[in-house]
Amino acid sequence: THFPQNHIGIARDLGFLGYVHKGLGNHNKAIALLEESRKYYIQYFPDNYMDLANVLIGLGITYKELGQLNLAQSLFDEALTLYKKNLPPNHAHIAR
């Protein structure tokens, strides 16, 4: 069975594969997969802020591990903005 191009499973699986490659130390491959996942969420699922924010955090962690702290901070800030916009102020994702 083939998923349609706009199936959320594609965005999620790209993100999961990115996390696996990050764990294996393949940071460039992880970044490519997480960026592709990010694009899917933005294009097809803009209201799915939790998954998009999680991908942004994964990207931020990967860039942090590579020493690109400014880029990492920008991604963390973007994720936090999504959380603050969509979650109550006392939610655990905002407090972390």
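Helices are taken here as DSSP runs of at least four residues, numbered from the N terminus. On that basis, G25 follows just after helix α1 and takes a positive phi of about 85°. The model under discussion is predicted, and the description below proceeds from α1 and its partner α2 to the pairing of α3 with α4.

Helix α1 comprises 16 residues, and the distance from its first C-alpha to its last is 23 Å, close to the 22 Å expected at 1.5 Å a residue. Residues G9, A11, L14, G15, G18, H21 and K22 are the buried positions of this helix. The elements covering these buried residues include α2 and α3.

Helix α2 spans residues 27-44. Its 18 residues should cover 26 Å at 1.5 Å a residue, and the end C-alpha atoms lie 25 Å apart, which agrees. Ten positions can be listed as buried in α2, namely H27, A30, I31, L33, L34, E35, S37, R38, Y40 and Y41. The buried residues of α2 pack against α1, α3 and α4.

The axes of α1 and α2 are 8 Å apart and the two helices pack at an angle of about 160°. Angles over 145 degrees count as roughly antiparallel, and α1 is therefore roughly antiparallel to α2. The crossing of this pair is left-handed. On the α1 side, the residues that meet α2 are I8, I10, A11, R12, L14, G15, L17, G18, Y19, H21 and K22. Their counterparts in α2 are H27, K29, A30, L33, L34, E36, S37, Y40 and Y41. Sorted by class, the contact of α1 with α2 has eleven nonpolar, five polar and four charged residues.

Within this pairing, G18 of helix α1 is buried, with a relative accessible area of 0%. Leaving out residues up to four places away in sequence, G18 touches A30, L33 and L34. The C-alpha atoms of G18 and L34 are separated by 5.3 Å, although the two residues stand 16 residues apart along the chain.

Two further positions, both in helix α2, were examined individually. H27 belongs to α2 and has a relative accessible area of 18%; buried means under 20%, so H27 is classed as buried. When residues up to four places away in sequence are not counted, H27 touches H21, K22, T62, E65 and L66. I31 also lies in α2 and is buried, with a relative accessible area of 11%. Beyond its neighbours within four places in sequence, I31 is in contact with L59, T62, Y63 and L66. In contrast to these contacts, I31 and H7 are 21 Å apart in space, C-alpha to C-alpha, at a sequence separation of 24 residues.

Helix α3 covers residues 49-65 and helix α4 covers residues 69-86. These helices pack at an angle of about 160°, and their axes are 8 Å apart. Accordingly, α3 and α4 are roughly antiparallel to each other. Their crossing is left-handed. In α3, the residues in contact with α4 are Y49, M50, L52, A53, N54, L56, I57, L59, G60, I61, Y63 and K64. The α4 side of the contact is formed by L69, L71, A72, L75, F76, E78, A79, L82, Y83 and N86. By class, the contact of α3 with α4 has 17 nonpolar, three polar and two charged residues.

Technical notes. Residues are numbered from 1 along each chain as its sequence is written. This is a predicted model: local features need pLDDT of at least 70, side-chain atom pairs count only at pLDDT 80 or more; totals for chains, interfaces and linings use all residues. Side-chain values use heavy atoms; hydrogens and water are left out. Axes are lines fitted to C-alpha atoms, for helices over the stretch in contact, and angles run from 0 to 180 degrees between N-to-C directions. Angles under 35 degrees count as roughly parallel, over 145 as roughly antiparallel, 65 to 115 as roughly perpendicular and the rest as oblique. A crossing is left-handed if the near helix is turned anticlockwise from the far one by less than a right angle, and right-handed if clockwise. Contact means heavy atoms within 4.5 Å. Ala, Val, Leu, Ile, Met, Phe, Trp, Tyr, Cys and Pro count as nonpolar, Asp, Glu, Lys and Arg as charged, and the others, Gly among them, as polar. The expected span of a helix is 1.5 Å times one less than its number of residues. Buried means under 20% relative accessible area, exposed over 50%, partly exposed in between (1.4 Å probe, protein chains only).
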